[in-house]
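Hi,

Here is the model I said I would pass on. Have a look at it first, and then read on for what turned up.

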Amino acid sequence: MQTQELLSIASQVRRDILRMVHGCQSGHPGGSLGCTDLLVGLYFEAMNLKLNSSNDQVVFNMSGLGEDVFFLSNGHISPVLYSVLARKGYFPVKELSTFRKINSRLQGHPTPHEHLEGIRIASGSLGQGLSVAIGVAQAKKLNNDSSVVYCLMGDGEQNEGQVWEAAMYAPHHKVDNLIAFIDVNGQQIDGPTEKIMNNRDLQMKYEAFGWKVLHVNGNDMAELQLCLKEAKNLLGNETPIMILMKTEMGAGVDFMMGSHKWHGVAPNDQQLEEALNQLSETLGDY
Amino acid sequence: MSIYTYETKKDTRSGFGAGMEFLSLTNPKVVALCADLIGSLKLEPFIKNCPERFFQTGIAEANMIGIAAGLSIGGYIPFATTFANFGTGRVYDQIRQSVAYSGKNVKIACSHAGLTLGEDGATHQILEDIGLMKMLPGMVVINPCDYNQTKAATIAVANFTGPVYLRFGRPVVPVFTPEDQEFIIGKAIKLIEGSDVSIFATGHLVWESILAADILKEKGIHTEVINIHTIKPLDTQAILESVRKTRCLVSAEEHQINGGLGDSIAQFLSTTMPLPQEFVGVNDSFGESGKPTDLMDKYGLNAVSIAEKALKSISRK
């Protein structure tokens, strides 16, 4: 897909995110905006997804057998995942308006509990997604399924001990059908990660555990496309792949960038208008 | 003499190992994970028969639960195994989010539950695991009583779709249930028919309850003994049928009284048929080091205590 097409989808996804969190006056716009380019790049280009042969629409199977699967470990950026899944055709775009409201399948944090197409595990309590992704990757190997497992974590999430249990396990068990990402936006709730709990050198850490580590600017679509291609070429070499993805929280909306202020705060009416003015409505608002 | 006899004593964890051995040969979807305790969980035959279906996680239980959830997404039936303390309390949130709330077909199979772990002491003797697990919506909780029943339960939970906590132990205990007895999840088993008092027991205290019935028989008391191997879902029909006749009861478990089997029974009966109930279990304390039988005696988890509680329950009718 042309970079320009992906950027156009990303613009609509960013509008969805802002309108969703505004609609319920809660949720996490900052990280969602920062990871928009990655999720669009994955679902609209990199991932090999199962399609209905009669109409080329995506079809959801819990097992994810024979197709690439994605796991969101930092579940609080659910708005970006919901928007991308809906725009890809997993469920009606209109349903995005129910986000975080009562009787919705779009819970504050993603869950398969409400049977939302595209969601295979609950996340929200941090640090668990990488383990789950590894389990799915190992199941694929047992099933002789050569498709790929993707997993996104936050950089604040690296504080969790379970992440490092999983980091140790994957290279030991040669889980080489796995591409993981860390959203390195340098922010967590109480402030900059450097100040709250310094991750120091994530490349050195993951390499020491036995991962192949790549870097990418997560808000440069062309660079992301190249990086995802490179990562896929590196699969099957007995090593899992970790991509340290530098992003800007709030990317795409000037007044939301460069601070952790918009981690978990919804825009008011005026702020929403100001933000939407910076993003073109490419696919039609829900 | 009791109508129940036994020829051998075996540990329930060996029943689990035998069940897994059977599954290694009969169900290609079953996979096992273990956090550095293969010998304690008796997994050697399973690993020998199908090494590709075994995942050593090292001493990293949280990761083990997540990987098990992932394997279940891929269509496998994972048994995540370790000691009961590390497989429940230590990883409660992982089980809550990645298994129970996510509705995953993961079996958490844990040995060394309760006081009978013995000399290792309170750090390892979890007495809260039944409570922790039964509180999770949708979680099935099973505590079989002997080798044969643990083997049968292991095979039964593999054939059941949904999250299960299977709890068993370390010491050798009498093997008295029939080798070919079918294990039906949620279906209690009446062991002794009686009319004066009902004893509802689970796990290692089922045999002690049979012995208690012998003690009570000498006093002319007809005791009904029911094996509640499945704490959740509770066989409320079997409980109701029994207490409708006996009008009083005792619950017996190697677990805290708070949050255990007795708790579940009391909660049910309080809204259907409130009756005198006495509780045999650990009363809001931690365990300690010692020989398993000495510990069970000290904490009142034996036939004599069950018989005493039965008399008390009868006196409150």
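Two residues are taken to be in contact if their C-beta atoms, placed from the backbone, lie within 7 Å. With that cut-off, 75% of the contacts in chain A between residues at least 6 apart in sequence join residues at least 24 apart. For chain B the corresponding share is 81%. Bear in mind that this is a predicted model, with an ipTM of 0.97 and a pTM of 0.97. Chain B has a mean pLDDT of 98, and 100% of its residues reach 70 or more.

Chain A, then. Its secondary structure comes to 10 helices and seven strands. The radius of gyration is 18 Å, and the globule rule gives 19 Å for 286 residues, so chain A is as compact as a globular protein of that length. Along the principal axes, its C-alpha atoms fill a box of roughly 55 × 50 × 35 Å. Of the 286 residues in chain A, 50% count as buried.

The sheet in chain A is worth pulling up in your viewer. Five strands make an open sheet in the order β1-β2-β3-β7-β6 (chain A), and the pairing is parallel. At the edges stand β1 (69-72) and β6 (212-217) of chain A; each has a single partner strand, so one side of each is left without a neighbour in the sheet. From one strand to the next, the twist averages 20°. For β1(A), the partner to look at is β2 (residues 149-154) of chain A: the two run parallel and are joined by four bridges. If you want a spot to zoom in on, Val69(A) stands opposite Val149(A) in β2(A).

On to chain B, which has 13 helices and 14 strands. A compact globule of 317 residues would have a radius of gyration near 20 Å, and the 19 Å of chain B agrees with that. The box filled by its C-alpha atoms is roughly 55 × 40 × 35 Å along the principal axes. As for burial, 60% of the 317 residues of chain B count as buried.

How do the two chains meet? On the chain B side, 22 residues are in contact with 28 residues of chain A. Two helices of chain B, α4 (61-73) and α6 (92-101), each supply at least two residues of the side that touches chain A. The largest share of that side, nine residues, comes from α4(B). Sorted by class, the side of chain B that touches chain A has 10 nonpolar, 11 polar and one charged residues.

One last residue to click on is Glu288(B), in the loop between β14 (277-282) and α12 (292-298) of chain B. Is Glu288(B) buried, exposed or partly exposed? A residue counts as buried with 20 or more C-beta neighbours within 10 Å and as exposed with 12 or fewer; Glu288(B) has 14 inside 10 Å, so it counts as partly exposed. Leaving aside residues up to four places away in sequence, Glu288(B) touches Gly121(B) and Ala122(B). Glu278(B) is 10 residues from Glu288(B) in sequence, and the two are 24 Å apart in space, C-alpha to C-alpha.

Cheers

Notes
Residues numbered from 1 in each chain as written. Chains lettered and ligands numbered in written order. Predicted model: local features only at pLDDT ≥ 70, side-chain atom pairs only at ≥ 80, totals over all residues. Rg over C-alpha atoms; globule rule 2.2 N^0.38 Å. pLDDT = per-residue confidence, 0-100. Pairing = 2+ DSSP bridges. Axes fitted to C-alpha atoms, helices over the stretch in contact; angles between N-to-C directions. Nonpolar A, V, L, I, M, F, W, Y, C, P; charged D, E, K, R; others polar.
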